[in-house]
There are 2 protein chains.
Amino acid sequence: MSKTYLVADVGGTQIRAALFPADHPQPIKVIRTSTQGDGQAPLERLLDALASLWPDGDQVAAITVAAPGPLDPYEGIVYEAPNVPGWENLPLKNHLRERFNVPAAIGNDANLAALGEWRFGAGRGHNNLIYITVSTGIGGGVISDGQLLIGAHGLAGELGHTTIIPDGPHCGCGQRGHLEALASGPSIARWVEEQLAAGKSSILTGRQPITAREVATAAAQNDALAVAALRRAGTYLGIGIANFLHILNPTAIIIGGGVSRSGPHLFDAIHASLEERVLSRQYLDDLVLTTAALGDDAGLMGALALAQTVARS
Amino acid sequence: MSKTYLVADVGGTQIRAALFPADHPQPIKVIRTSTQGDGQAPLERLLDALASLWPDGDQVAAITVAAPGPLDPYEGIVYEAPNVPGWENLPLKNHLRERFNVPAAIGNDANLAALGEWRFGAGRGHNNLIYITVSTGIGGGVISDGQLLIGAHGLAGELGHTTIIPDGPHCGCGQRGHLEALASGPSIARWVEEQLAAGKSSILTGRQPITAREVATAAAQNDALAVAALRRAGTYLGIGIANFLHILNPTAIIIGGGVSRSGPHLFDAIHASLEERVLSRQYLDDLVLTTAALGDDAGLMGALALAQTVARS
């Protein structure tokens, strides 16, 4: 009887679940299901997806789930998942244990993505690294001295909700001037819309609403306004990352999420901003700044890394 | 033969060295010597101070030194200590080993102060805490999951050199808008001087240059300008601390250094700023925000905690 791991990643639009063997990170089977729809609760969908992957004859050593929103990984409770109907103070770990009767654990999706990139992706070999996902929001995860840093209640790693400009633009969280309010996809798009409304010319003129992806496409065609938008976001990301370097002194910064695929203008600006803002060269000397390697699989692979840890403990 | 620890804290003005027994944190003997003067090198003074404490008959299980400035605790090299003549790329750990032939280690003074407050001071029982020292500069240290967070090269915890206002006032490090440039003692005094020069009235009028201690004294007498200066510093400290909460999710914030003794105006403003800036109540629910308990002994006691660790490893 071989040992296996059952893992899942719950996103706002889809749930992905996978069965992994114990000895290598290639899934035996993966299934995808919509998070919402049909009036069926996302929890049932998740549990059914995991059940459908249950291996014949093999042992499941651990079940783990990457979940969105603030959660308590110690107690296994999802406090709030804005895009998942009904997930409020949900005792997800208990549900997993009751249904499957094997060791179970849950983790914040961005934190687990950091773990995934560290163990299986762009961060291999870096025992101190920072993962930042830049898409609709900005999330993050920190590996410190070879451990996922989750803090006293598992609420650490909210890198997007650090203040860059105290009286800056409003953030999705209700605060102002957070990194997320300056460099996320929607904030990039919003800035371009504001500039167009103010009369700036661009090949994006007339196309409203605008998406960050359209800005990236326009920037690839050297549209000056789109390039400026990516440079602006990169400059703010650099300020935030310099702060993270001074606090955490990692050797790798891994940037994932849709906005990370915006091309060289964004990364050139991050580099320039870092060079300008860093306290001393020693923070940059052996720093690797790179895009994520696992793409949409980062959360799932992080859940696998968590499962391996759970099974060992 | 009993086991003892020899520890020292090197400051810009004085070196303190102490001999501790293995089993409790009361020193057997403490000596102080000036860091500078007499043309004698600070390194010789430090080594001689430690030698003079060498116990008769007892074993020294470890020697540790808290040192200022950026340093590499892995290699035991002090990169730069601006207030200690000649300490540039100084292989301090090797010097300790060669002279005394016992296990030795060094650490950044602010990082070790965090360790000291955690093991012996205001942070006991908090396995996730942040120590911030606010005096001439702003330094810090982080305990994460029961371990001192030092990062890949020991350069972590530079909490004073995180950007609060990207185009803000100049910082001692050469950058702009760092927490240190907004809330350190000199930055508080400088702001009051600017306000006086602009014609604001205060009981401090005519007294130039002004120190942060004078501002605190004036604030205790309800001088409006002095109160405003402390509130301003506290507000910025709150913004910085909110960032640290979101990144690290600790249960204790310990504030040391001379400015921490400025009274309730500073702490009221920190509290108010935190309440306003925090991402969710969960970061504050069981958070202890307190002044340091060890005062000037924090670095020395941190060196003791480091010595205990070195002796065990």
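Begin by selecting residues 3-10 of chain A, strand S1, together with residues 59-67 of chain A, strand S4: the two run parallel and are joined by seven bridges. Strands here, like helices, are DSSP runs numbered from the N terminus, with at least two residues (E) for a strand and at least four (H or I) for a helix, and two strands pair if DSSP finds at least two bridges between them. Within this pairing, show A:Ala8, which stands opposite A:Val65 in S4(A).

The model is a predicted one, in which local features need pLDDT of at least 70 and side-chain atom pairs count only at pLDDT 80 or more, while totals for chains, interfaces and linings use all residues. For making selections, residues are numbered from 1 along each chain as its sequence is written, and chains are lettered from A and ligands numbered from 1 in the order in which they are written.

Keep S1(A) on screen and add residues 14-21 of chain A, strand S2, which pairs with S1(A) in the antiparallel sense over seven bridges. The two strands form a hairpin with three residues between them, and A:Thr4 can be found opposite A:Pro21 in S2(A). Because seven of the eight residues of S1(A) are buried, this strand is largely enclosed by the rest of the structure; a residue is buried if 20 or more other C-beta atoms, placed from the backbone, lie within 10 Å of its own, exposed if 12 or fewer, and partly exposed in between.

Move next to chain B and select residues 224-248, helix H7, whose 25 residues reach 35 Å from the first C-alpha to the last, close to the 36 Å expected at 1.5 Å a residue (the expected span being 1.5 Å times one less than the number of residues). H7(B) is mostly covered, with 20 of its 25 residues buried, and just after the helix B:Asn249 takes a positive phi of about 45°.

Now display both chains: 36 residues of chain B are in contact with 36 residues of chain A, contact meaning that the C-beta atoms of two residues, placed from the backbone, lie within 7 Å. On the side of chain B that touches chain A, the largest share, six residues, comes from H7(B).

Finish in chain B with an open sheet of five strands in the order S11-S10-S9-S12-S13, with mixed pairing. Its edge strands are S11 (147-148) and S13 (288-291), each of which pairs on one side only. Select residues 129-134, strand S9, and residues 252-256, strand S12, which run parallel and are joined by five bridges; here B:Thr133 stands opposite B:Gly256 in S12(B).
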